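Visitor: I would like to know how the labels on this model are earned. Please take me through them one by one.

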Amino acid sequence: MDTERLSIDLFRRDEGGHWVLYPSEAGDAVEFASVGLSVPMERLYEDARVGAVEVPGPTA
């Protein structure tokens, strides 16, 4: 996770055993393939202060 902007760099192994970078930014869903979970980026940063901007949580 980045503290200056909404971004996450996720690494996964490919079929050849090499690590591959999967970057995600604001508006993307981050997929944790090994556990079958996809989470909106904004949800991961919920209630965090990123740079000078507070990321709001989801509305009910």
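Guide: Start with burial. This is a predicted model. Of the chain's 60 residues, 18% count as buried.

Visitor: What makes a residue buried here?

Guide: A relative accessible area under 20%. That label fits 18% of the 60 residues.

Visitor: Why is Trp19 called exposed?

Guide: Its relative accessibility is 53%. Exposed means over 50%. Trp19 therefore counts as exposed. Trp19 sits in strand β2, residues 19-25.

Visitor: What makes Phe11, Trp19 and Leu21 a patch?

Guide: Patch residues need over 30% relative accessible area and no salt bridge, and nonpolar side chains are joined within 5 Å. Phe11, Trp19 and Leu21 form such a nonpolar patch on the surface. Together they offer about 350 Å² of accessible area.

Visitor: How much surface does the whole chain expose, and what share comes from carbon and sulfur atoms?

Guide: About 4,600 Å² is exposed. Carbon and sulfur atoms supply 53% of that area.

Visitor: How do you know that β3 and β4 pair?

Guide: Pairing takes at least two bridges. Strand β3 (residues 29-32) and strand β4 (residues 37-40) are joined by 4. The strands therefore count as paired, and they run antiparallel. Phe32 stands opposite Leu37 in β4.

Visitor: What lies between β3 and β4?

Guide: The two strands form a hairpin, with 4 residues between them. Gly36, in the turn, has a positive phi of about 65°.

Visitor: Where does the helix come in the order of elements?

Guide: From the N terminus, the order is β-β-β-β-α-β-β. That gives 1 helix and 6 strands.

Key:
Residues numbered from 1 in each chain as written. Predicted model: local features only at pLDDT ≥ 70, side-chain atom pairs only at ≥ 80, totals over all residues. Heavy atoms only, no water. Buried < 20%, exposed > 50% of the residue type's maximum accessible area, 1.4 Å probe, protein only. Areas by Shrake-Rupley, 256 points an atom, 1.4 Å probe, with all protein chains shown as cover. Patch = residues over 30% accessible without salt bridge, like charges linked within 9 Å, V, L, I, M, F, W, Y side chains within 5 Å. Salt bridge = Lys/Arg side-chain N within 4 Å of Asp/Glu carboxyl O.
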